[in-house]
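Here are a few exercises to work through with the model open beside you. Try each one yourself before reading its solution.

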Amino acid sequence: MNFEQRQLVVPGTLLAEGKYEAGFNVYRDADQYFASIVGLADLRNDLVSVIPLRGCYLPQPGDIVIGKVIECIPTAWMLDIRSPYQGVLFASEFLSKPLNPMREEARKYLDVGEMVIASVIAFDRTRNPSLSCRDHNLGKIQRGTVIDVDATRVPRIIGKKGSMIGMLKKESNTQIMVGQNGRVWISGKTRDEEAYVAAAVRKIADEAHTSGLTDRIREYLVSNRR
Amino acid sequence: MTTEKLISDDGIRNDGRKLDELRKIKFEIGVLKNTDGSAYVEWGRTKILVGVMGPRESHPKHLAMPDRARIDAFYRMASFSVEEWKSPAPSRRETELSKVIREALGPAVFTEYFPRTSIDIFIEVLQADGSTRCAAISAASLALVDAGIPMRDLVASIAVGKVEGQLVLDVQDKEDKEGESDMPMAYMPSKNAVTLLQMDGQITHDEFLRSIELLKKGCLDVYKMQKEAIEAHFKVNESNTEEA
C-alpha cells in the first residue's frame with residue numbers, strides 16, 4: 001500500500017503493488033494499481049478504491065432519479081437525467097394504460113420542461129437507460145423545489161443508513177427526495193421553508209468530506225427556523 | 001541584419017533563464033461555471049483557458065462511436081493573442097493543433113467507459129508567447145480531471161529547442177522563431193509513455209537523444225506543478241475527511 005487512508009489522489013497515482021483487488025475508480029496494470037480519478041484513496045480488505053470528488057452520474061438499475069423532460073416523441077419522453085445518456089420514459093411506464101399516438105399526444109400528459117421522479121429499470125451503455133414511474137412516490141412533480149448538486153455528494157446527503165436525510169426531514173418538517181443523479185426535490189408548506197432546506201442541502205454538498213457535518217447542519221436548520 | 005544574442009556567453013537566455021530552466025507556470029482549476037471542468041494556465045506570458053464539456057450525447061449523432069467516447073479538441077487563438085492581429089477565422093494551424101492536442105490527450109482517457117458519447121475540449125489562447133500547444137495539453141489534462149473523467153495519468157507537456165547551437169528547455173516565442181529547431185513532447189510520467197512528439201528544424205542524432213532526456217525532466221517538473229494545482233484546489237474544500 002502506497003497511501004494513507006483518505007489521502008487525496010490524482011489520476012495516475014500509484015496506489016498499491018502486489019496482491020490487491022481493484023475497486024471503484026482504480027485500474028490495474030500488471031500488479032500495480034493506479035487511481036483513475038481525483039478523489040480520496042480507500043483500502044478495505046485488500047480492495048483498493050477511490051472515493052470520487054468529481055464525476056458524472058452513470059445510471060444503475062434500481063436507482064431513483066429526477067429527470068427533466070427535454071423531448072416528447074409519439075409514445076415516449078426523453079429525459080435529461082444529468083448523465084452522459086438521456087433517459088427514455090415510455091408512455092406505458094408512465095401512464096397505467098397504453099397511449100394511442102393516433103388519438104392523443106404525449107405532450108398532453110408531460111410537456112417539455114416538466115420534472116419527473118422515476119426509477120431506472122435497465123441500462124447497459126449500449127442503449128439509453130429506460131425509466132419507469134410504476135411505483136408509489138414516483139411520477140410527475142407537481143409542487144416543491146428541485147435543486148442540482150454534484151452526483152458524487154449524494155451518499156453524504158443521505159448519510160449512513162439515511163442519518164442525514166432523516167435528520168433533515170425531522171428538523172425541517174418537509175418532504176425530501178434525493179435522486180441518485182444529484183437532483184433533490186424538496187416540498188414544504190411555504191417557499192421560504194423550501195429555500196432554507198435547499199440552502200442546507202447545498203451546504204452538505206459543499207462540505208461533504210468534513211467531520212461533524214450532521215451536527216453543524218442541525219444547528220444551521222435550528223437557527224434558521226422561524 | 002543584426003539580431004541581439006539569445007544566449008549570453010555565460011549561458012543565460014535573454015529572459016534571464018538558465019538553459020534548462022522553465023518559465024514561471026501557474027495552473028488554476030475550476031475557473032468556469034458553465035463547463036463540466038475547466039483550467040487556466042499562465043505559462044510565462046502565454047495565457048490559456050480550457051473548458052471541458054462531457055461526456056455527453058454526441059452531436060452530430062453519426063459521429064458517435066459504438067464502443068467508446070469521441071474526444072474532440074477545439075484550439076482557438078484570440079485575435080488579440082499575438083502581436084499582429086490574428087484573423088478570427090479558423091486557420092490551418094489551429095485545425096492542425098486541434099488534431100495534435102486531441103491525439104496527445106486521447107491515450108490518457110478511458111474513452112471505452114462512455115461509449116456513444118463525446119468529450120469536447122475547448123482551448124482558448126488569450127495570449128501567445130511560444131509553447132502554446134504544450135501549455136494547452138498540460139492545462140487540458142487538468143480540466144479533464146476537474147470534469148471527473150477517468151484517466152490513466154495526467155499528461156504533461158513541454159518543448160526543447162535548439163538556439164544558437166545549444167539545447168534550451170521551454171521555448172519562448174522569440175527562441176522558436178529565431179532558433180534552429182523546436183521539439184514539443186507530451187508525456188504520461190507514471191506510465192513512461194510519450195503521447196506527442198513533433199519536431200521542426202534540424203538536429204543531430206546525439207542532440208535528439210539529449211533533447212529527449214531534457215524533455216522528460218521538463219515534463220516531470222510540469223507534472224509536479226499539475227499535481228500541486230490539483231491538491232491546492234481540492235484540499236480547500238475537502239479537508240478533515242469523514243465519509244457517509
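**Exercise 1.** Into which domains is chain A divided?

Solution. Keep in mind that this is a predicted model. Start at the N-terminal side: domain 1 covers 8-52. Next comes domain 2 at 64-140, and then domain 3 at 145-224. Now take the C-alpha centres of domain 1 and domain 3 of chain A: they lie 30 Å apart.

**Exercise 2.** Work out how helix 4 and helix 5 of chain A are packed against each other.

Solution. Step one is to find them: helix 4 of chain A spans residues 191-206 and helix 5 of chain A spans residues 213-224. Step two is the geometry, where the two axes come within 10 Å and cross at roughly 160 degrees. An angle over 145 counts as roughly antiparallel, so that is how helix 4 of chain A runs relative to helix 5 of chain A. The crossing of these two helices of chain A is right-handed.

Step three is the list of partners. Helix 4 of chain A brings A:Tyr196, A:Ala200, A:Lys203 and A:Ile204. Facing them from helix 5 of chain A are A:Leu213, A:Ile217, A:Tyr220, A:Leu221 and A:Asn224. Sort this contact by class and you get 7 nonpolar, 1 polar and 1 charged residues.

**Exercise 3.** Do the same for helix 1 and helix 2 of chain B.

Solution. Helix 1 of chain B is residues 92-105, and its axis comes within 10 Å of that of helix 2 of chain B, with a crossing angle of roughly 45 degrees. The two helices of chain B are therefore oblique to each other. Helix 1 of chain B passes helix 2 of chain B in a right-handed crossing.

For the side chains to look up, pick B:Leu97, B:Val100, B:Ile101, B:Ala104 and B:Leu105 on helix 1 of chain B. They meet B:Arg133, B:Ala136, B:Ile137, B:Ala140 and B:Ser141 on helix 2 of chain B. The class count for this contact is 8 nonpolar, 1 polar and 1 charged.

**Exercise 4.** Describe the side of chain B that touches chain A.

Solution. Count first: 32 residues of chain B are in contact with 31 residues of chain A. Then ask which elements of chain B supply at least two residues each: they are strand 3 (46-57), helix 2 (132-146) and helix 4 (205-237). Helix 4 of chain B gives the most, with 6 residues. By class, this side of chain B has 13 nonpolar, 8 polar and 11 charged residues.

How far does the predictor back the complex? The ipTM is 0.89 and the pTM is 0.92. Chain B averages a pLDDT of 93, with 95% of its residues scoring at least 70. Watch residues 239-244 of chain B, though: the pLDDT there is below 50, and the stretch has 15 contacts in the model beyond near neighbours in sequence.

**Exercise 5.** Track down some unusual backbone spots.

Solution. Begin with what to expect: most residues other than glycine have a negative phi, and most peptide bonds are trans. Now look at B:Gly54 and B:Pro55, which are joined by a cis peptide bond with omega about 0 degrees. B:Pro55 sits in strand 3 of chain B. Another cis bond runs from B:His59 to B:Pro60, with omega near 0 degrees. B:Pro60 belongs to the loop between strand 3 and strand 4 (70-77) of chain B.

Finally, turn to chain A. A:Asp46 is not a glycine, yet its phi is positive at about 70 degrees. Find A:Asp46 in the loop between strand 6 (39-44) and strand 7 (47-52) of chain A.

Notes:
Residues numbered from 1 in each chain as written. Chains lettered and ligands numbered in written order. Predicted model: local features only at pLDDT ≥ 70, side-chain atom pairs only at ≥ 80, totals over all residues. pLDDT = per-residue confidence, 0-100. Contact = placed C-beta atoms within 7 Å. Helix = DSSP H or I, 4+ residues; strand = E, 2+ residues; numbered from the N terminus. Nonpolar A, V, L, I, M, F, W, Y, C, P; charged D, E, K, R; others polar. Axes fitted to C-alpha atoms, helices over the stretch in contact; angles between N-to-C directions. Parallel < 35°, antiparallel > 145°, perpendicular 65-115°, else oblique. Left-handed = near helix turned anticlockwise from the far one by under 90°. Domains from an automatic or database assignment.
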